[in-house]
Structures are given as structure tokens and as C-alpha cells.
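The exercises below are meant to be worked with the sequence and the coordinates open side by side. Each task is followed by a solution that proceeds step by step.

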Amino acid sequence: MSATKKPVTVLVVDDSAVVRQTLTAVLESDPDIKVVGQAQDPFVAAEKLKSLVPDVITLDVEMPRMDGITFLKKIMTQHPIPVVMCSSLTGEGTETALRALEYGAVEIITKPRMGTKEFLEESRIRICDAVKAAASINVKNRLLAPRAAAAGTGAIHKIQPKLTADAMLPPMDSGSRAMSQTTEKLIIVGASTGGTEALRVFLEALPANAPGIVIVQHMPENFTRAFADRLNTLCEITVKEAVDNDSVVRGRALIAPGNKHTMLKRSGARYYVEVRDGPLVSRHRPSVDVLFRSAARYGGKNCVGVIMTGMGDDGARGMLEMKNAGAATVAQDEQSCVVFGMPKEAIKHGGVDLIKPLDKIAAEVLRLCDM
């Protein structure tokens, strides 16, 4: 961290002393983050907020005296601060955390827990990245209140060098581009911070016979299924969490499961997805770069790539490969993004044909698919 750059300040709210201590240790292992307070429940947190204004609050979902959702509503109506929900992987907690996104929470992270050295490092990267992404957001400009109203740490290890999609899929040589065995169009989408709402807007605007869709939304495991199920109740198309070997067909969107890479593959005229384990790529699993690179190889000019709101550069290299393989590519514009990181990097890399506001992307994609 440069001498002039101030660290991201965080207030940790959780009823478990062990979780508070563990989360504090994880966050402060990053020199760009400083934990300035802890609170065992929302009442204590509210007292601290009278004299403390952190950049980000990490908030437990389920707590005694006052649950996380109730406190989140109070924060967003009285003193808007970016909130990252910290959830266990229980079914009820998963549903509640997803609902929190509708009330203005920025991200969901899972509570740190004991595991292998690799697991702990990956968990650390995800948690710290989520908090730093949240700190970059002006919550007052993106509150979704109208929609919501309607509806043990172990050792901390040095960050490993960032992997690229080569770790999952080797680079495509000039002679291996997708063969024209089918002209069926596909829509390939990547999103991160703010993407849950952006995807809802996009998918709700698609007709029941829309081309097959494959999506990577950065989200912890066990949350993607509930997220897909919720979208399925709102959209004309079918939305489901992707399962290995699922066919990519008209009228259906497949969402990559959390903690698994998802790749587009093809057998003759049939497109399908491969869901598999692998290392973090561009600091993520699932990775947009992995999906986009596979789309460049197996879909080529039959694909339309879309990159939406999100922190970082995941998807930038893969989108350029898609464009070079003949795919049309669209990026969400800065004004409608919660975080203009991923689209900005894709544009900078030269992989974007068109830049559109969120509410215009669906129509543009359908036009590019000749619909």
C-alpha cells in the first residue's frame, strides 16, 4: 500500500467472538484493510457508529436480539454504509443473505473456517477482495430500497501470483477455432459485485425462446442454487444452477455453481457445460475468464459475450479471445454499473464491441442474435 493511500476501514459485527477474531485476522492480513471496531450484536454496533464511520461493515446474518436483515434496513435508511453479509452455509442463512442483497447489501462472504492451507488462502483472498470491492461503492447512489420494499484462522500466507485461464484451458492456437457445425446462437455472461441485480434486470427482459445462456456470477458455493431458483420464479426463461453435462438450449440460463469452474463445450451440434474443480483463476472460482475462453474455443462466432458490473479484471482477457474468435461482445456502461471494474478492464484490453446501459443490454443482445 502506498504511503498516501488510506486503508479500507471495517467494522466487524458477529455474535461469535471466535468469528470476530478470525475475520479480523483475515482482513488485517491485507495491508490495505484495517479493522477499526468489533461488535457482538447490532445494538453494540449502533452505539459504535455514533462515533465511528467505517468504510465497510461486515454483518452476520443470524444474531440474537436483532437479525442482520433488520439491522441492514436500519443502516441503509439511517446511515448508508457499504455492507458485506457474512453467512454460514445453512439453508435458511443462504436465503436470508440473498434477500439482504435486495435490501442494499453489496456482497456475500462465507464465514472463515478451518481447512487446508490452500483453502485458508483462497478464503482470505475472497473475503479481502469482497471488502475492498464494497469500499469502492457509493451506497447512496445504488440503494435498492424500492425493490426491496416490494419484494480458527491458522497461518496467513502470502498471496500467490495471479493465475490466468491457462491453468484451466490452454491457449487457443489459430487453427483450433470453433468449427461451423451449428449456427445456434449462445449468450455468455460474466458478472461480479452488483451482478445479482444486474442479472435480474437482464434476464427478466429476455423472451421465453431466448438463445441458451451460460453465466458466471461470482458468488460463494451453496448460494448460486438459491439465486438461480429465485430468478427462475421471475423470468420467462428457465434459470437453473449448472450441473456437469447440462445442455445449453434455447429458453434456459445456466448459472455456474459457486466454487466450481464452468466451461462451454460442444459435441457436434450440441452445446453443453463442463463443471469442474480447479485453482482460483483471476482470483475467482468460478472464473469469467475460464468461461469466456471456453466460449471462444467452442462457440466462436456463434456467441455473444456480455460483461457486467464487478471489481477486478476477471473476464477481460477471455472477452478479447471471444472477440478474436468472431463473437460479438457487449459491456455494461459505467453509469449503470455498481462497480465499473470488469467492464472497464475488458474495454481497456480491446475486447468490447459495444458499451450499453444495463436496461439496453437485453435488446442489444437479442439483436446480435438475430432475434
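**Exercise 1: the sheet**

Strands E12 and E13 (residues 328-332) pair in the parallel sense over four bridges, where pairing requires that DSSP finds at least two bridges between two strands, and where helices (H or I, at least four residues) and strands (E, at least two) are DSSP runs numbered from the N terminus. The model is a predicted one, in which local features need pLDDT of at least 70 and side-chain atom pairs count only at pLDDT 80 or more, whereas totals for chains, interfaces and linings use all residues. Residues are numbered from 1 along each chain as its sequence is written, and side-chain values use heavy atoms, with hydrogens and water left out.

Task: Find which residue of E13 stands opposite Gly 305, and then establish the strand order of the open sheet.

Solution. Step 1: Opposite Gly 305 stands Thr 329 in E13. Step 2: The open sheet has seven strands in the order E8-E9-E7-E6-E12-E13-E14, with parallel pairing. Step 3: Its edge strands, each pairing on one side only, are E8 (238-241) and E14 (354-356).

**Exercise 2: a helix on the sheet**

Task: Determine which strands H9 lies across, and how many of its eleven residues are buried.

Solution. Step 1: H9 lies across E6, E7 and E12, and runs at about 160 degrees to E6; such angles run from 0 to 180 degrees between N-to-C directions, with axes fitted to C-alpha atoms, for helices over the stretch in contact. Step 2: In H9 (residues 288-298), ten of the eleven residues are buried, that is, under 20% relative accessible area with a 1.4 Å probe, protein chains only. Step 3: These buried residues pack, with contact meaning heavy atoms within 4.5 Å, against elements including strand E10 (261-267), helix H10 (316-324) and helix H11 (342-348).

**Exercise 3: Asp 314 and the start of H9**

Task: Locate Asp 314, and identify which side chain of opposite charge is nearest to Asp 314.

Solution. Step 1: Asp 314 is found in the loop between E12 and H10. Step 2: Although buried, Asp 314 has no salt bridge, and the nearest side chain of opposite charge, Arg 317, is 7.0 Å away; a salt bridge would place a side-chain nitrogen of Lys or Arg within 4 Å of a carboxyl oxygen of Asp or Glu. Step 3: The side chain of Asp 314 instead makes a polar contact (2.9 Å) with that of Ser 287, and a polar atom of the Asp 314 side chain lies 3.0 Å from the backbone nitrogen of Asp 289. Step 4: At the start of H9, a side-chain oxygen of Ser 287 also reaches to within 3.1 Å of the backbone nitrogen of Asp 289.

Definitions and conventions. Buried means under 20% relative accessible area, exposed over 50%, partly exposed in between (1.4 Å probe, protein chains only). A polar contact is a pair of N or O atoms within 3.5 Å; within protein, one must be able to donate a hydrogen and the other to accept it, and residues adjacent in sequence count only if both atoms are side-chain atoms. Lys and Arg count as positive and Asp and Glu as negative; His and the chain ends are not counted.
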